[in-house]
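User: I should like to learn how to read aromatic pairs and helix packing in a structural model. Please take me through each feature in turn.

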Amino acid sequence: FVTGQIPQIGRMLLPMHIPVILCGLICGGKGGAAVGFIMPLMRSAIFIMPTMYPDAVAMAFELAAYGFIAGFMYENARWHCVKSLYRCMAAAMIGGRIVWGAAMFSLLGIGENGFTLGMFFAGAFINALPGIILQLVFIPAMMLALDKTHLVPFGKNKKIPEKPKRETI
């Protein structure tokens, strides 16, 4: 709540990204996408931060991509280990930022008042570097903690058991 009410800190630490990525990793791609899409819109409607247009709308697509990519890749990973986790997170971070750039470009267009390539790199990478580092440290630590509590299987030799297939008559 504190970081989201101060836009400069929120853009730097990316506080909504962490629960969305965790949701994707734990609940799967569909759950991560749903939470990611709803979270910024709901936050904007309740607390007026981020602003609904264009920030919350673009973030809805970005965070949906984050949750879906992280969850889908992790669900389909052969092993659920730190190496696999970092692969999923890297793909989600890159994919989500591309989706955010496309959404901002669609919402603002190009031109003097539009969305520029410089704005994309500043918003997606340069200003977000502290948040990216925070995610790369915090999310694996959280997954390891969840493993220790036996809530989420995690580790080199741990694979989430496959769901039983339904028999059709």
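**Aromatic pairs and helix packing**

Analyst: This is a predicted model, and the count in it comes to 7 aromatic pairs, with ring centres within 6.5 Å as the rule.

User: How is a pair of aromatic rings described?

Analyst: A pair of aromatic rings is described by the distance of the centres and the angle of the planes. For F37 and F61 the ring centres are 5.4 Å apart and the planes stand at 75°, so this pair is edge-to-face. The pair joins distant parts of the chain, since F37 belongs to helix α4 and F61 to helix α5, 24 residues apart.

User: Are F37 and F61 buried, exposed or partly exposed?

Analyst: F37 has 33% relative accessibility and counts as partly exposed. F61, at 42%, also counts as partly exposed.

User: Which arrangement do the rings of F68 and F72 adopt?

Analyst: Their centres lie 5.6 Å apart and their planes are at 15°, so the pair is stacked. F68 and F72 both lie in helix α5, 4 residues apart, about one turn of the helix. Elsewhere, W100, F115, F120, F121 and F125 make up one aromatic cluster.

User: How should two packed helices be read?

Analyst: Two packed helices are described by the angle between their axes and the distance between the axes. Here the axes of α4 (residues 29-47) and α5 (residues 52-75) come within 6 Å and cross at roughly 160°. An angle over 145 degrees counts as roughly antiparallel, and α4 and α5 are therefore roughly antiparallel to each other. The crossing of α4 past α5 is right-handed. The residues of this contact comprise 15 nonpolar, 6 polar and 2 charged.

How values were computed
Residues are numbered from 1 along each chain as its sequence is written. This is a predicted model: local features need pLDDT of at least 70, side-chain atom pairs count only at pLDDT 80 or more; totals for chains, interfaces and linings use all residues. Side-chain values use heavy atoms; hydrogens and water are left out. Axes are lines fitted to C-alpha atoms, for helices over the stretch in contact, and angles run from 0 to 180 degrees between N-to-C directions. Helices (H or I, at least four residues) and strands (E, at least two) are DSSP runs, numbered from the N terminus. Angles under 35 degrees count as roughly parallel, over 145 as roughly antiparallel, 65 to 115 as roughly perpendicular and the rest as oblique. A crossing is left-handed if the near helix is turned anticlockwise from the far one by less than a right angle, and right-handed if clockwise. Ala, Val, Leu, Ile, Met, Phe, Trp, Tyr, Cys and Pro count as nonpolar, Asp, Glu, Lys and Arg as charged, and the others, Gly among them, as polar. Rings of Phe, Tyr and Trp (its six-membered ring) pair if their centres lie within 6.5 Å; planes under 30 degrees apart count as stacked, over 60 as edge-to-face and the rest as tilted. Buried means under 20% relative accessible area, exposed over 50%, partly exposed in between (1.4 Å probe, protein chains only).
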